[in-house]
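Student: I have a new model open and would like to learn how to read it. Could you take me through it feature by feature?

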Amino acid sequence: MWRISAVFWAVATLVKLQPSASSSDRFVDLSNQNLSSVPRDLPHTVEHLDLSCNHISQLHEEDFKNTAQLRFLNMSWNNLQCIDPEAFMHTTLLQNLDLSHNKLTNLDAQQYLQNIRKLRVLRLHHNQFINMTLGKEFSTLKNLKTVSLEAEQICRDDFKQISGVKLTSLLLYVGKDFSYEAASLNDVQTQKMEISFSGNKQIHHDLVSDALALFDKVGLIDLTSGYKVLITILSSKKQLRTTNLGLSNIVIKWNDLTDLTNAALRTTILHLTCSDAALTNLPKHYTPVAKTSSMRSFTAKRMVVKDFFFSQDAVYSFFINIPVKKMELVETGIVHMTCPSSPSPVQHLNFSFCALSDSIFYRVQHQEIIECKNLGKAKTLTLVDNNLKNFQTISQRVQHMVSLEELDVSLNSLVYDGLEDCLWPQNITVMNLSFNSLTDSVFKCLPKGLMILDLQNNEVSAVPESVMGFQHLHSLNLTANRLRDLPVCKGFPVLYTLLLKSNSLHAPSVEKLETCPVLKVLDISQNPFTCVCPLRRFRNLGIKSENTPEGIKLLNWPTGYYCLYPEEVKNTTLREASIPEIYCNSGLLAATILIPAIFTLIAIVTTCQYFDVPWYLRMIWQWTRAKHRAIRQNIPAEELVDVEFHAFVSFSQHNADWVHHSLLPNLSELRVCHHEKHFLPGRTIIDNIMRSVQKSRRSVFVLSAHFVKSEWCHYELYFATHQRLARGPDSVVLVLLEPLPQYLIPSKYHQLKSMMRRHTYLEWPQEKAKQRLFWANLRAALQSDIPRLASITELEA
């Protein structure tokens with residue numbers, strides 16, 4: 001029963017997954033509604049209708065009159081006793097009909113079937129059929145693929161009406177008082193015959209014998225006993241057609257299982273499957289198994305042990321020694337698997353979804369670990385979802401599997417510390433290490449002959465550049481790890497496919513892809529991309545991949561590539577995000593900034609030169625400094641008691657005209673001492689020079705080519721420089737009347753040279769517009785308080 005329900009809901013799920021199935025008017029579920037009849041207000045567009053588990057006893061012609069689109073109808077678990085022959089006249093598209101668990105009484109009178117010729121799935125089991133005789137209506141169901149039936153007796157010619165229908169699966173339910181006439185299944189054409197003994201629990205000899213002789217695939221369901229009958233049939237040397245024999249949902253003793261297996265090994269059966277089995281009476285000693293067989297595979301799924309005291313080694317030894325090419329023991333709580341007692345023919349081992357530990361295959365003898373050497377023909381080993389811990393230990397367990405090509409140890413807890421070397425067989429080309437806890441060091445433990453490597457969902461943060469020797473690796477899956485950048489392909493010269501989805505890549509370095517000469521498939525989707533300049537080249541690669549088939553194909557582009565940062569482009573695809581070239585090209589950015597800046601600077605300099613702005617600035621700076629010095633300087637009043645003049649002017653007689661007509665008139669508010677007016681008659685010139693310098697707050701020297709040629713000017717400069725030591729560096733003011741190169745100044749004027757190098761001097765401008773600023777600077781340099789001058793002013797007042 002559970003299998004029928006599973007099939008039903010699987011079909012229902014498929015219908016739900018259709019794009020339009022979410023619409024309530026196409027999928028209608030009215031199960032468990034306590035209905036006594038089919039509702040008359042069903043949507044016209046309904047395609048999937050579930051009326052199971054109600055109290056409907058009859059189906060009338062008008063019940064489905066308005067549901068022409070109906071494709072799936074579930075009427076199971078009702079009280080159906082009568083179905084009108086025209087009930088499905090308007091539902092010609094119906095493909096799946098479930099009428100199981102009702103009270104229909106006559107398989108020979110199901111006239112309603114003649115109107116649903118597109119029917120593919122028909123469920124009629126668990127009704128009240130006495131005879132299996134199918135009516136002529138069944139002959140019209142040429143599209144029928146899956147049928148489930150049940151009757152108290154099966155006779156010859158019962159299936160004659162479907163002799164021309166090629167079924168995929170026929171499921172027969174055998175009741176308690178079931179009877180079967182030999183050869184009654186001769187008219188059936190089906191790929192798979194399933195027989196459920198849920199009501200009988202016993203194997204019917206003739207029924208099973210015919211099934212094994214007529215059909216390629218035979219499944220026996222819901223058995224608890226009667227295995228001796230099956231063993232007898234298999235051991236009878238009768239020619240069998242069956243190549244696939246399956247037993248499911250059974251309870252079986254260990255001896256029955258082993259005898260059944262040994263019997264099947266001696267037949268032409270190629271594939272034996274045992275699923276959802278409860279094992280009882282398990283052994284305490286080893287059970288012999290056939291040494292040779294033509295059987296290709298043995299599969300055990302979801303096996304449960306009902307005993308507490310038994311020999312695990314005896315159980316494991318029986319299974320591992322079965323002489324088949326493919327051994328599968330999955331979804332079973334085994335914790336260990338022994339090594340075959342002799343060289344095994346097995347080529348494919350699958351122990352997935354069990355509880356195996358690192359101790360698989362080996363045995364301990366005299367406290368020494370003996371590794372398994374009898375699995376030398378194994379080509380594939382699948383150990384998905386077990387309790388494996390140490391990756392290096394696993395390499396030791398399989399080191400003698402010299403033919404091993406594929407290893408799948410995904411969904412375990414594998415780690416590798418990188419301290420011990422790994423011992424892999426040389427022929428491994430495919431390795432699945434996904435969903436473990438492996439880090440960067442795993443590359444030290446991998447066989448060099450790998451062609452395909454799956455490391456998704458581990459803890460790899462980088463592929464070491466020192467990794468070398470993987471000359472054949474063409475596919476590398478590092479999805480969902482911790483990578484921060486693309487790996488370098490120096491160690492993978494033929495890498496063709498690289499999968500890096502869901503890592504920590506912010507700005508992949510496209511330059512590293514240049515080390516991958518044959519890379520054609522790349523997936524870096526679902527990473528936290530930072531959409532700034534370093535990402536621009538990768539973005540361009542993605543855009544290029546859209547229009548360049550011969551280049552690298554970027555999987556999931558562009559929908560799987562979103563910006564995480566900056567905030568203004570968050571959740572924007574890389575293709576739509578704008579990263580201007582000018583921001584990312586330092587040369588272009590420098591040129592963009594510097595060229596306008598240079599032109600602006602040239603324009604400013606040219607303008608300043610044209611308007612002589614530097615001269616004005618220099619003059620303003622000198623005026624400011626002069627004012628600042630005048631305020632800051634504080635010479636004691638007793639040192640200035642004899643000072644009568646603001647300044648003593650020293651000049652060459654050749655410049656007297658400029659002094660009289662320009663200098664003195666513009667300094668009229670100041671007391672200026674010069675030799676023509678203030679030298680005292682009768683005294684020597686030297687005395688007058690010394691007296692004038694001492695009685696002046698400052699000394700102004702009008703410099704020119706004639707000045708440096710005058711002996712008296714030299715004396716005046718000499719005395720002024722000595723006075724400068726007492727009254728500060730600003731007591732001497734130099735006025736450059738005309739350009740005076742250093743080489744024209746005689747060596748005796750070394751003090752003048754020194755002052756001109758270290759101190760600012762005032763230059764006389766020829767332009768009249770500048771002369772006002774010149775006089776303002778000069779007055780500012782000479783302006784000061786003179787005590788004696790103040791007293792004279794008071795007396796005059």
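Tutor: Gladly; we will go from the whole chain to helix packing, ring pairs, single residues and backbone details. This is a predicted model, in which local features need pLDDT of at least 70 and side-chain atom pairs count only at pLDDT 80 or more, while totals for chains, interfaces and linings use all residues. Residues are numbered from 1 along each chain as its sequence is written, and side-chain values use heavy atoms, with hydrogens and water left out.

Student: How many helices and strands are in the chain?

Tutor: Helices (H or I, at least four residues) and strands (E, at least two) are DSSP runs, numbered from the N terminus. Here the chain has 18 helices and 35 strands.

Student: What share of the chain is made up of buried residues?

Tutor: Buried means under 20% relative accessible area, exposed over 50%, and partly exposed in between, with a 1.4 Å probe and protein chains only. Of the 797 residues in the chain, 49% are buried. For contacts, the rule is heavy atoms within 4.5 Å. Among contacts with a separation of 6 or more, 62% are between residues 24 or more positions apart.

Student: How do I read two helices that pack, such as H3 and H4?

Tutor: Start with the axes, which are lines fitted to C-alpha atoms, for helices over the stretch in contact; angles run from 0 to 180 degrees between N-to-C directions. Angles under 35 degrees count as roughly parallel, over 145 as roughly antiparallel, 65 to 115 as roughly perpendicular and the rest as oblique. Helix H3 (residues 227-235) and helix H4 (residues 254-265) have axes 9 Å apart, at an angle of about 15°, so H3 and H4 are roughly parallel. The contact involves Tyr227, Lys228, Leu230, Ile231, Leu234 and Ser235 on H3, with Asp256, Asp259, Leu260, Ala263 and Ala264 on H4. Sorted by class, the contact of H3 with H4 has 7 nonpolar, 1 polar and 3 charged residues. Here Ala, Val, Leu, Ile, Met, Phe, Trp, Tyr, Cys and Pro count as nonpolar, Asp, Glu, Lys and Arg as charged, and the others, Gly among them, as polar.

Student: Which residues make the contact between H4 and H5?

Tutor: A general idea helps first: an α-helix has 3.6 residues a turn, so residues three or four places apart point the same way. The axes of H4 and helix H5 (residues 312-320) come within 12 Å and cross at roughly 15°, so these helices are roughly parallel too. On H4 the contact uses Trp254, Leu257, Thr258, Thr261 and Asn262, and on H5 Ala314, Val315, Phe318 and Phe319. That contact has 6 nonpolar, 3 polar and no charged residues.

Student: What makes two rings an aromatic pair?

Tutor: Rings of Phe, Tyr and Trp (its six-membered ring) pair if their centres lie within 6.5 Å; planes under 30 degrees apart count as stacked, over 60 as edge-to-face and the rest as tilted. The structure holds 19 aromatic pairs. In one of them, the rings of Phe88 and Tyr112 have centres 5.9 Å apart and planes at 65°, so the pair is edge-to-face. Phe88 lies in the loop between strand E5 (82-83) and strand E6 (96-98), and Tyr112 in the loop between E6 and strand E7 (121-123), so the pair ties together parts 24 residues apart in sequence. Phe88 is buried at 0% relative accessible area, and Tyr112 is buried at 1%. Elsewhere, ring pairs link Trp254, Phe298, Phe318 and Phe319 into a cluster.

Student: Where is Leu495, and what does Leu495 touch?

Tutor: Leu495 sits in the loop between strand E25 (475-477) and strand E26 (497-499), and is buried at 1% relative accessibility. Leaving out residues up to four places away in sequence, Leu495 touches Leu473, His474, Ser475, Leu476, Cys489, Val518 and Leu519. Leu495 and Val518 are 23 residues apart in sequence and 6.3 Å apart in space, C-alpha to C-alpha.

Student: Which backbone details should I look up?

Tutor: Most residues other than glycine have a negative phi, and most peptide bonds are trans. In this model, the bond from Trp557 to Pro558 is cis, with omega near 0°, and a cis bond also joins Tyr565 and Pro566, with omega about 5°. Asn281 has a positive phi near 55° and is partly exposed at 48%. Phe361 has a positive phi of about 75° but is buried at 1%.
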